[in-house]
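Colleague: Please take a close look at the aromatic side chains here. Which rings pair up, and how do they sit in the nonpolar core?

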Amino acid sequence: MSRPQDAQRTFFPFGNPFRMISPKSSQLPSKLLAVLNNFEESLAERFRKLDPKETGDVLSLSWMELAMKSLCETHSDVKNLITALELPVCDWDDKWIDVYLDISVKLLDICNAFSSEISRLNQGRLMLQCVLHNLESSSPQQFIRASASLDRWRQHISSRNPRFENCGSILESLMESLDLPKVKNSPKGKVLMRAMYGVKVQTLFVCSVFVAAFSGSAKKLLELSVSDTYLWGLSFTDLLTSVNSSIRKRPSSGSVAIFKELEAVDANVKKLSPLIRSGEGTVEESVRSSVSNLHRGVDCLSQGLDLLEKEVDGFFQIVLTGRDALLSNLRANGPGSALMQKNNVER
């Protein structure tokens, strides 16, 4: 599958290869069909809960926290599905293992990039807390320090994070991996691959929105064409349309994050800066009001970043634990598996 070049694209320009493994056409045994349906119905419900019509503004730390929590639940569901299928790693096709190991490395990379960006935003938060501390005094020198700190914050928040710059290429690579291996003569394998497709779709969707929110650009938003043979297909299509439309309506900020908590802080900083530079004292009502608004905004930003960081760390641990468990099983299954594991780790 060739690498797509356009910013807006569909994943399957030649049709959806997973249409062939729908329950109706493959005549899955009733037990396996029940396991698959339970997984897909849960995924559909998660997509409905993320719809901005239900949650409000999608470009907010609260929505991003909810989206990452939902993604963690889906990845945990896959582990439960594998257990329910009674499909041990020793029965996995080599191609399935290759795909899983390759994808898990990319997910760990993108988690590290998100964590790095959250840390950078937290550094900016410390600058603002220093500003608020300086403004507690009526000393002109403290006002000068506060003004300088606000300038440093604006420069910091507009700077680029080198570790975050690779997210776009990681997303494109993950997008290409949606074309999962074909499954023959293995009903359990078909269920596993179908479930993994749903997980990957949700993972790509959530990560693309995170990249848009952190980068201030909608260029990396993904367009997915999903068949309605999936029980979650319609709810996902509705969610994707709503979210992408909401983000694209907002003006691009270039390199500055565009979620609403940071925008609120930025608006307060823009209002407060000229008041401080003009030499107005803290007794002035306009200054007191602006400081109070900035304080509330910083508190809201701090809480949102802390909660989001916790969810990103949780997702990282889920992916890492799953990868470690698979590698442990490979080591226990003989020299051939150990060699394959070595090759994947080196790659």
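**Aromatic pairs and the core**

Modeller: Phe114 and Phe210 are both buried. Keep in mind that this is a predicted model.

Searching the whole structure gives 14 aromatic pairs. Start with Trp63 and Phe205. Their ring centres lie 6.3 Å apart and their planes stand at 85°. The cut-off for edge-to-face is over 60 degrees, so the Trp63 and Phe205 pair is edge-to-face. This pair joins distant parts of the chain. Trp63 sits in helix H4 (residues 61-85). Phe205 sits in helix H8 (residues 187-215). The two are 142 residues apart. Trp63 and Phe205 are both buried.

Now back to Phe114 and Phe210. Their ring centres are 5.2 Å apart. Their planes meet at 45°, so this pair is tilted. Stacked would need under 30 degrees, and edge-to-face over 60. Phe114 belongs to helix H5 (residues 94-134) and Phe210 to helix H8, so the pair ties together parts 96 residues apart in sequence.

Trp63 and Phe205 also belong to a wider group. They form one aromatic cluster with Phe47, Tyr197, Tyr230, Trp232 and Phe236.

Next, the core. The largest nonpolar core has 107 residues. Phe114, Phe214 and Trp232 have the most contacts inside it. Helix H8 supplies the largest share of this core, 18 residues. Two of these names have come up already: Phe114 pairs with Phe210, and Trp232 is part of the aromatic cluster. Helix H8 recurs too, with Phe205 and Phe210 both in it.

How values were computed:
Residues numbered from 1 in each chain as written. Predicted model: local features only at pLDDT ≥ 70, side-chain atom pairs only at ≥ 80, totals over all residues. Heavy atoms only, no water. Phe/Tyr/Trp six-rings, centres within 6.5 Å; stacked < 30°, edge-to-face > 60°. Helix = DSSP H or I, 4+ residues; strand = E, 2+ residues; numbered from the N terminus. Buried < 20%, exposed > 50% of the residue type's maximum accessible area, 1.4 Å probe, protein only. Core = buried A, V, L, I, M, F, W, Y, C linked by side-chain atoms within 4.5 Å.
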